[in-house]
Amino acid sequence: MNKWYRLTVIAAIIAVTAVAVRTCQSSSDTLESLQNQENTAQTEAALTLKDVTLEQPDDNGGLLWRVKAQEATYSPDRRLANLKAPEGELFQDGKVIYRVNADQGEIREDGKAIFLQGNIVATSPDTQLTIKGNSLEWTPDEDLLLVRDNITGNNPQLQAKAQEARLFNKTKRLELFKGVVAMTKQEPWLGFKSEKLVWQLEQKNLETDVPLLMERYVSKADRTVTDRITGQQGRFDLVKQQATLRQQVQLSALKIPLQTSSDLAVWGVKEGLVVIDKPVQIQHPKRKLAASANKGRLNLNTQILLLNGNVQALSQNKQSLLVADEMSWNIQTQDVDGRGNVAYRQQDPAATVNGDRAVGNLERQTVVVTGQNVVTEIVPQGIE
């Protein structure tokens, strides 16, 4: 047998068959025909084993893998072993890094690659991660455990589904591809969707450089979406419960309801605080109110929006506009408080007022503008 495995036979060898045939023909045969006959006529030994344990040493003499199987059948050159119901342990630097089992499998390339198929289960003791799928390939030289076809991954924090998973033990990184859906297994109840999601198992975060959708649900049982955010890139810290999304970021606070658009948003999920340190557009479609600013902070729990820098708030119904350096906006009551270089304009009745501060309600179109020398109150007809 080749040197690429150490073999322990737990039960008897079922069959060992060796046949060597050589046919000699007349002297009129050419040398070429004789060589062809020799190559095709020779048959190597075939070997089938029952209840077998196979081991592969690494370059230092330690274990690289250990696999048990109900049955193992070897190719004539002993470079390929077909396994029935394999289960085993995969090692790195003398330590078990994965435990695997499947319906069937193959050991190829002098033990340098293991392939498993059918009802794959692979577990990582260090990260408490379990991956299930229908096809597995382990390449020790590349530190790569590749699982394909209807992937599910679970650990105490998160569960995920995808069509392909690449697990790297040294960096404790799981890369998920194609139709990735992930959900938290504890509060706050969150869902993630993307075509690629990198799960940093040791650092406990998710990240992607392709479009990401993230949603918050009412509870574990009630999957009604309360908040939704999307972006072209994203990262989520599972410990801090903080999401950072970049490029074409859209936030929909469905309970309020309110929508924001920007190129950056940091969402502290536990605190319900969304920090937007890029120019932002805000829409309140139900009340036909809109605003824009250089920066913003939205508290989803208190429904208070703070805007800074070139603030503009517009009531589309009443056709009124409030401009200020900074503004506090109570979304629930529609009360606003603008400060610094305030300008208020409305069409009915037509008026323009400048000052240092404006306090009022955009929806009702009642605003008090104050300044160093003047205080002006605007009350449209029909409002007492």
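**Cavities and pockets in a predicted model**

The protein chain of this predicted model holds one helix and 30 strands.

Biologist: What percentage of the 384 residues in the protein chain is buried?

Modeller: A residue counts as buried when its relative accessible area is under 20%. Applied to the 384 residues of the protein chain, this cut-off gives a buried share of 44%.

Biologist: And the accessible surface of the protein chain: what share of it belongs to carbon and sulfur atoms?

Modeller: The accessible surface comes to about 20,100 Å². Carbon and sulfur atoms account for a share of 44%.

Biologist: How many cavities of 30 Å³ or more does the model contain?

Modeller: A cavity is space where a 1.4 Å probe fits but cannot get out. The largest such cavity encloses about 50 Å³, and the second largest about 30 Å³. With the threshold set at 30 Å³ or more, the count is two.

Biologist: Into which classes do the residues lining the largest cavity divide?

Modeller: The lining consists of Gln 157, Thr 184, Gln 186, Glu 187, Pro 188, Leu 238 and Gln 241. Pro and Leu count as nonpolar, Glu as charged, and Gln and Thr fall among the polar residues. The division is therefore two nonpolar, four polar and one charged.

Biologist: Which elements give two or more residues to the lining of the second largest cavity?

Modeller: The second largest cavity is lined by Phe 192, Leu 197, Leu 206, Glu 207, Thr 208, Leu 212, Gly 234, Arg 235 and Phe 236. The elements that give two or more of these residues are β14 (190-200), β15 (205-208) and β18 (233-237). By class, the lining has five nonpolar, two polar and two charged residues. The elements asked for are thus β14, β15 and β18.

Biologist: Turning to the open sites, which residues lie nearest the centre of the largest pocket?

Modeller: The largest pocket has a volume of about 420 Å³. Its lining comprises six nonpolar, five polar and eight charged residues, with at least two residues supplied by each of β3 (43-57), β4 (63-74) and β6 (87-92). Among the 19 lining residues, those nearest the centre are Asp 58, Asp 59, Leu 64, Pro 140 and Asp 141.

Biologist: Which residues are closest to the centre of the second largest pocket?

Modeller: About 250 Å³ of space lies in the second largest pocket. Of its 16 lining residues, the closest to the centre are Arg 216, Thr 226, Asp 227, Lys 255 and Asn 301.

Biologist: How does the lining of the second largest pocket divide by class?

Modeller: Strands β16 (212-217) and β17 (225-231) each supply at least two residues of this lining. By class, the lining has eight nonpolar, four polar and four charged residues.

Biologist: Why is Arg 216 classed as partly exposed?

Modeller: Arg 216 is found in strand β16. The partly exposed class lies between the cut-offs of 20% and 50% relative accessible area. Arg 216 belongs to that class because its relative accessible area is 23%.

Biologist: The backbone oxygen of which residue lies 3.1 Å from a polar atom of the Arg 216 side chain?

Modeller: Beyond four places away in sequence, Arg 216 touches Pro 188, Trp 189, Leu 190, Thr 224, Val 225, Thr 226, Asp 227, Trp 267 and Val 269. Leu 190, 26 residues away in sequence, has its C-alpha 4.6 Å from that of Arg 216. The backbone oxygen lying 3.1 Å from a polar atom of the Arg 216 side chain is that of Val 269.

Definitions and conventions
Residues numbered from 1 in each chain as written. Predicted model: local features only at pLDDT ≥ 70, side-chain atom pairs only at ≥ 80, totals over all residues. Heavy atoms only, no water. 1 Å grid on protein atoms, 1.4 Å probe; cavity = no way out; pocket = protein on both sides within 12 Å on 5 of 7 lines; lining within 4 Å. Points joined across faces, edges and corners; volume = space filled by probe spheres on them. Helix = DSSP H or I, 4+ residues; strand = E, 2+ residues; numbered from the N terminus. Buried < 20%, exposed > 50% of the residue type's maximum accessible area, 1.4 Å probe, protein only. Contact = heavy atoms within 4.5 Å. Polar contact = N/O pair within 3.5 Å; in protein donor to acceptor, adjacent residues only side chain to side chain. Areas by Shrake-Rupley, 256 points an atom, 1.4 Å probe, with all protein chains shown as cover.
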